[in-house]
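Please look over the sequence and the structure shown here before reading on. The report that follows treats an annotated span, a pocket and a nonpolar core in turn.

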Amino acid sequence: ASAEKPARAPEETLERIAREALSIETLKTRNSDSLDFHDVAVWRLKEALEAAYQAGLNAARNK
């Protein structure tokens with residue numbers, strides 16, 4: 001088995017998913033608990049994971 005790390009997702013894709021699916025303004029650390037920690041409903045988390053999975057499929061198809 002290969003110990004190769006998975007490819008990193010484009011930052012703008014991650015930021016878009018965070019905004020659209022989770023209502024999280026940014027993924028940058030702001031050193032404030034109220035800004036860096038979020039309560040997220042499981043259905044919103046599932047939506048974000050599905051969006052990330054779809055983005056990965058699209059990226060693989062475009063290679």
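## Annotated span, pocket and core

The UniProt annotation "domain: DUF6900", from an unreviewed entry, covers residues 10-60. The model is predicted, so that local features need pLDDT of at least 70 and side-chain atom pairs count only at pLDDT 80 or more, while totals for chains, interfaces and linings use all residues. Residues are numbered from 1 along each chain as its sequence is written, and side-chain values use heavy atoms, with hydrogens and water left out. The end C-alpha atoms of residues 10-60 lie 13 Å apart, and this span is 69% helix and 0% strand (helices are DSSP runs of H or I of at least four residues, strands runs of E of at least two).

The largest pocket (an open set of 1 Å grid points where a 1.4 Å probe fits, with protein on both sides within 12 Å along at least five of seven lines) has a volume of about 240 Å³. Of its 13 lining residues (an atom within 4 Å of a point), A9, P10, A55, G56 and A59 are the closest to the centre. Both α1 (11-22) and α3 (42-61) supply at least two lining residues, and α3 gives the most, with 5 residues.

| Class in the pocket lining | Count |
|---|---|
| nonpolar | 9 residues |
| polar | 2 residues |
| charged | 2 residues |

The largest nonpolar core (buried residues, under 20% relative accessible area, joined through side-chain atoms within 4.5 Å) consists of 6 residues, I17, A18, A21, L22, I24 and A48. To this core α1 gives the most, with 4 residues. Leaving aside residues up to four places away in sequence, I17 touches L22, A48, A51 and A52 (heavy atoms within 4.5 Å).

Note on methods
Points joined across faces, edges and corners; volume = space filled by probe spheres on them. Nonpolar A, V, L, I, M, F, W, Y, C, P; charged D, E, K, R; others polar. UniProt positions renumbered as here; feature names shortened; annotations may be inferred. Buried < 20%, exposed > 50% of the residue type's maximum accessible area, 1.4 Å probe, protein only.
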